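Reader: I am new to reading protein models, and I would like to go through this one slowly. Could you take my questions in turn and show how each answer is reached?

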Amino acid sequence: MRYLQICISLLLIFLINSLFSQSDSINILTNINAEVQKENYYAAAILYQKLDFITTSSSEKLYAKVKAAECFKKIGLYENGIDVLNKINLNGENDSVIFCVKFQLSLLNYLFNNFITAEAHLKEMNLLIKDSTYYYKGCLLHVLIYNEQYKWNEAKTLMHQANKFFYRNNLKQSIVNATQIDSIYNTKYFPHLKSPSKAATMSAFFPGLGQFYSKNYLEGSVSFITITGIAGASLFGILNQYYFTSIVAGSTLIARFYQGGITRAEFLANHYNYYKSKNFNSLLKQYCINILK
Amino acid sequence: MTIPLRNSLSYIFIIIGLCCSAQRNIDYAFVQNLIIQKKNTQANYYLNYFKHSFSDDSLNFLRGYNYYLMKKPDSCSLSLIKINPSFVEWNKTQLLLSINLDYSSNINQAISTLNQIQNDTNPIINQIKYTLYAGNMLLLRNLTAYDTIVKKFDFNNIAYEKSQINLSELKIRILKHKEKSAIVAGMLSTIMPGLGKFYVGRKGEAMAAFSTNIIFAGMAAEAYYRTKSFKSPQFIIFTTLFSFFYSGNIIGSIYSAKKQNKSIKKQINNEILANMHIPIANLFD
């Protein structure tokens, strides 16, 4: 009789617990809906994580994680979204799930300015997925990533490949024609980027030359005039037999300005590259977004 | 199948009660999980936004522990101080509160918090309490009280053994440490630029001060040698520069001595706090 009582108790515990856990999931989903309606996506993201924590169903866990990442994306907390999605185990999942997770991961990394990881996720997605349609669905994001990495030729090739695919399959994106891609990715519009190391070497050979190369003529002139001025003053001091003062003060000041000029030339080249490519990329980004629309 | 009705009903009520309490604990477990995953901001938000899901003590404990991990000792103390003595982990909570009060520089309040801890059945908690007491006495530089407490140390568990040894070493360092005199540092710098800083223990700064003064003195001497006049503009400029650096070096040495004394005291205090903190971190791990 005692054993029977124990068995019944265990059965009741199991039944009531499963009943409570089901009602808990429903309660959480109701709370999430309320938070989403209030546009409080942060609370919604946390509640999705709670749903992931309490549920035992693997599909519900996956759903909760993806939705939590989406909520974080909406409020610009890309890193949190990446953190949630990285916990998903994709072993044995079908192509659509792999695409959904990896594409989101890549997008979040792209938005987080982590372009190398974003590209790695897309490449991993292409390896894991068997259906080539998904490969082309991720193409536009890949193009955007290439643009940010100044790989415009690769971006152009990828755009053409995707365009051909969409054209063959009569998909929405096939409205773009090859001439449009060629015109926007015309090499004559590519920004001519400056080499920071070249700028540094030029400034090392001739003070101010690196700044001129980086298109900053004022700073180049100031650097040249300052160093030659100090050198001239030191020479004047030596000619007037102020050997100690001229050599010590002159060499200290020249060394400072000379080294500073080299570092500055390198910085200016990077600065120039950043703005030039940013302007060009913003045009390309607008173009890609228009295609998506 | 002839289970008495009264027994069956009581079983069902017990089971339902157990299940309800288990569901209430889900929120607690979820926040703990967020904390373990180092999502402290999210845990904090959840605790503030969904506070009705927790009992007062659980809420304050989780908040306090989360603030402790977020390195906010003031907020942590404010939360932990509200917990009632009936709380299950009261002694552990008081230890955590005490170290956070120490980090907020409320040493006397930390000691009175430790006084509230009753002798625990767990010897580790008692030993950590003594370690914290001893640490507080070192922070107050009350070495006699420290010696009394140190007799209770058993150096017997990996969780606090190292800290207890380190505190004894720190006591020796406190005894050995002699403060640098600002007057001596200033006088030494007057005799020879940089010597005061060398005495304070800042060798790099001493070398820099010495070479700068020598260079300006050399320039002033060269100006005099060339012009043979104390009134020449070259001599006046370099002598003025030398005077600025020379007097600046003396004042700097005085400040350096004071700063060095403060910095060594702060360094020792930080080491004491770290050694008080390690057993707590081990306890909550």
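**Helix packing, turns and burial**

Author: Let us begin with a pair of helices in chain B, bearing in mind that this is a predicted model. The crossing of α7(B) and α8(B) is left-handed.

Reader: At what angle do α7(B) and α8(B) pack, and how are they oriented to each other?

Author: Two packed helices are described by the angle between their axes and the distance between the axes. For α7(B) and α8(B) the axes are 8 Å apart, and the angle is about 165°. Angles over 145 degrees count as roughly antiparallel, and α7(B) and α8(B) are therefore roughly antiparallel to each other.

Reader: Which residues of α8(B) meet α7(B)?

Author: On the side of α7(B), the residues involved are B:Tyr130, B:Tyr133, B:Ala134, B:Met137 and B:Leu138. In α8(B), they meet B:Ala145, B:Tyr146, B:Ile149 and B:Val150.

Reader: What else do the buried residues of α7(B) pack against?

Author: The buried residues of α7(B) include B:Gln127, B:Leu132 and B:Asn136, and also B:Tyr133, B:Ala134, B:Met137 and B:Leu138, four residues that also meet α8(B). Besides α8, the elements of chain B that these buried residues pack against are α5, α6, α9 (161–176) and α13 (233–284).

Reader: How far does α7(B) reach from its first C-alpha to its last?

Author: The helix α7(B) has 17 residues, and at 1.5 Å a residue the expected span is 24 Å. The span found in the model is close to that expectation, at 24 Å.

Reader: Which residue with a positive phi follows α7(B), and is that residue buried or partly exposed?

Author: The loop between α7 (123–139) and α8 (143–150) of chain B holds B:Arg141, whose phi is near 55°, a positive value in a residue other than glycine. A residue is buried if 20 or more other C-beta atoms lie within 10 Å of its own, and exposed if 12 or fewer do. With 13 other C-beta atoms within 10 Å, B:Arg141 is partly exposed.

Reader: How are α3(B) and α4(B) oriented to each other?

Author: The axes of helix α3 (residues 56–69) and helix α4 (residues 73–80) of chain B come within 8 Å and cross at roughly 165°, and this crossing is left-handed. The contact is made by B:Asn60, B:Arg63, B:Gly64, B:Tyr67 and B:Tyr68 of α3(B) and by B:Ser75, B:Cys76, B:Ser79 and B:Leu80 of α4(B). Given their angle, α3(B) and α4(B) are therefore roughly antiparallel to each other.

Reader: Which residues does B:Ser104 touch, not counting residues up to four places away in sequence?

Author: The place of B:Ser104 is the loop between α5 (90–103) and α6 (107–115) of chain B, and with 17 C-beta neighbours inside 10 Å this residue counts as partly exposed. Its C-alpha atom is separated by 9.9 Å from that of B:Cys76, although the two residues are 28 residues apart along the chain. Leaving out residues up to four places away in sequence, B:Ser104 touches B:Pro73, B:Asp74 and B:Ser77.

Reader: Turning to chain A, how many helices and strands does it have?

Author: From the N terminus on, every element listed for chain A is an α element. Chain A accordingly has 14 helices and zero strands.

Reader: Where do the buried residues of α6(A) lie around the helix, and what covers them?

Author: The buried residues of α6(A) are A:Ala118, A:Glu119, A:His121, A:Leu122 and A:Met125. They cover an arc of only 155° around the axis, which puts them on the same side of α6(A). The face turned away from that buried side carries the exposed residues A:Ile116 and A:Leu127. What covers the buried residues includes α5 (95–111) and α8 (139–148) of chain A.

Reader: Is A:Asn113 buried or exposed?

Author: In the loop between α5 and α6 of chain A, A:Asn113 has a positive phi of about 60° although it is not a glycine. A residue counts as exposed with 12 or fewer other C-beta atoms within 10 Å. With 9 C-beta neighbours inside 10 Å, A:Asn113 is exposed.

Terms used
Residues are numbered from 1 along each chain as its sequence is written. Chains are lettered from A and ligands numbered from 1 in the order in which they are written. This is a predicted model: local features need pLDDT of at least 70, side-chain atom pairs count only at pLDDT 80 or more; totals for chains, interfaces and linings use all residues. Helices (H or I, at least four residues) and strands (E, at least two) are DSSP runs, numbered from the N terminus. The arc is that of the directions from the helix axis to the C-beta atoms. Two residues are in contact if their C-beta atoms, placed from the backbone, lie within 7 Å. Axes are lines fitted to C-alpha atoms, for helices over the stretch in contact, and angles run from 0 to 180 degrees between N-to-C directions. Angles under 35 degrees count as roughly parallel, over 145 as roughly antiparallel, 65 to 115 as roughly perpendicular and the rest as oblique. A crossing is left-handed if the near helix is turned anticlockwise from the far one by less than a right angle, and right-handed if clockwise. The expected span of a helix is 1.5 Å times one less than its number of residues.
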